[in-house]
Amino acid sequence: MSPKRRIGAREFDFSRQVAVMAIVNRTPDSFFDRGRTFALRAAVDAVLAAAADGADWIDIGGVPFGPGPEVTEAEELDRVIPVVEAVRAASDVVISVDTYRTGVARAAIDAGADVINDTSGLQDDALASLVAESAAHLVITHSLASPPRTPHPRPVYRDVAGEIGGFLADRAARAVSLGVPPERIIIDPGHDLNKNTRHTLELCRRLHEITAIGYPTLAAVSNKDFIGETLDLPAGLRLPGTLAAVVLSIVQGARIVRVHDVPAAVSAVRLTEAVLGWREPAYTRHNA
């Protein structure tokens with residue numbers, strides 16, 4: 001499979017390039033920002049600021065992954081679609097929408113979204129069929145909760161990376177059977193999603209087993225609980241741990257990183273690309 005991808009208006013060569021995906025949630029109960037970008041104007045401003053800070057990609061969400069107050073499809077549409085429309089009119093940045101609902105995905109693609117980010121693990125075949133009929137990409141994430149947003153306490157894995165890899169390979173094959181071209185599939189092992197901290201740390205150590213499946217791999221590690229529990233830090237103090245996890249993910253083959261703090265992540269990602277020999281320094285005056 002070619003590492004070169006055109007996603008929306010942007011070209012990526014994942015053999016030597018990493019895409020920085022910024023997170024913008026229109027939710028009042030996001031674990032990280034606690035509703036800071038819930039208002040429409042705040043959400044749009046945050047997206048445009050992230051793009052100006054170097055983000056290649058923006059992930060817009062209207063419903064948290066975990067259990068919580070019900071968000072109807074109408075509410076999710078009202079949260080997400082105006083942001084997609086406003087950003088699409090102002091920028092060519094890649095736009096993904098974090099949703100498991102086919103109706104929301106359809107409206108998002110019609111509004112200009114380039115990617116559907118399905119954190120449910122493709123539980124609805126109709127979602128894949130919809131993506132197949134469009135030009136959009138599909139992110140398939142490992143998740144055990146069925147239906148979405150239901151509790152899945154005390155998850156158990158005999159072989160965490162092996163089971164996640166098998167799940168993702170199976171769901172990607174399912175998407176292909178429903179018409180999604182392989183070159184429009186991205187996989188995400190779902191750090192912390194229905195996994196405890198020890199599971200996620202092992203997944204971090206063995207991420208190369210996931211990236212070896214052959215699809216571009218998304219690492220969504222930003223400010224997650226495995227960082228907080230490992231370092232005994234609240235969400236607002238997890239940036240150094242996040243950047244360490246981002247770099248480790250890239251070295252093991254991740255090519256899209258999903259982050260909250262865009263400037264810091266862009267610097268870490270671009271330096272990692274340079275160390276790997278993929279990017280020239282901005283200038284070379286030191287001892288020149």
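User: Helices here are DSSP runs (H or I) of at least four residues, numbered from the N terminus, so which residue follows helix 5, and what is the sign of its phi?

Analyst: In this predicted model, helix 5 is followed by G179, and the phi of G179 is positive, near 110°.

User: And the helix itself, which of its residues are buried?

Analyst: The buried residues of helix 5 are V160, A161, I164, G165, F167, L168, A172 and A175. They lie on the same side of helix 5, because the arc they cover around the axis is only 160°.

User: What covers them?

Analyst: The cover over the buried residues of helix 5 includes helix 4 (125-132), strand 7 (137-141) and strand 8, together with helix 6 (197-205) and helix 7.

User: Does its length make sense, I mean, what should helix 5 span?

Analyst: With 18 residues at 1.5 Å a residue, helix 5 should span 26 Å, and its end C-alpha atoms are 26 Å apart, so the two values agree.

User: Switching topic: how many residues are in the largest nonpolar core?

Analyst: That core has 66 residues, and I58 and V257 are those with the most contacts inside it. Helix 5 (residues 160-177) gives the largest share of this core, 6 residues. A second core, separate from that one, has 12 residues, among them W57, I186, L218 and I256.

User: What does V257 touch, leaving out residues up to four places away in sequence?

Analyst: V257 then touches V18, A19, V20 and M21, along with L218, A219, V246, I250 and V269.

User: And I58, what is its bridge partner in strand 5?

Analyst: The partner of I58 there is I95. Strand 4 (residues 57-61) and strand 5 (residues 94-98) run parallel and are joined by 5 bridges. Helix 2 (residues 73-90) packs on the sheet and touches both strand 4 and strand 5, and its direction makes about 180° with that of strand 5.

User: In what order do the strands of the sheet come?

Analyst: The open sheet is formed by 8 strands in the order 8-7-6-5-4-3-10-9, with parallel pairing. At its edges are strand 8 (185-188) and strand 9 (218-219), each of which pairs on one side only.

User: One last thing, which residues of helix 9 are buried?

Analyst: In helix 9, G241, T242, A245, V246, S249 and I250 are buried, and what covers them includes helix 7 (207-211), strand 9, helix 8 (225-231), strand 10 (256-259) and helix 10 (262-275). Just after helix 9 comes G253, which takes a positive phi of about 115°.

Key
Residues numbered from 1 in each chain as written. Predicted model: local features only at pLDDT ≥ 70, side-chain atom pairs only at ≥ 80, totals over all residues. Heavy atoms only, no water. Core = buried A, V, L, I, M, F, W, Y, C linked by side-chain atoms within 4.5 Å. Buried < 20%, exposed > 50% of the residue type's maximum accessible area, 1.4 Å probe, protein only. Helix = DSSP H or I, 4+ residues; strand = E, 2+ residues; numbered from the N terminus. Contact = heavy atoms within 4.5 Å. Pairing = 2+ DSSP bridges. Axes fitted to C-alpha atoms, helices over the stretch in contact; angles between N-to-C directions. Expected span 1.5 Å × (residues − 1). Arc of directions from axis to C-beta.
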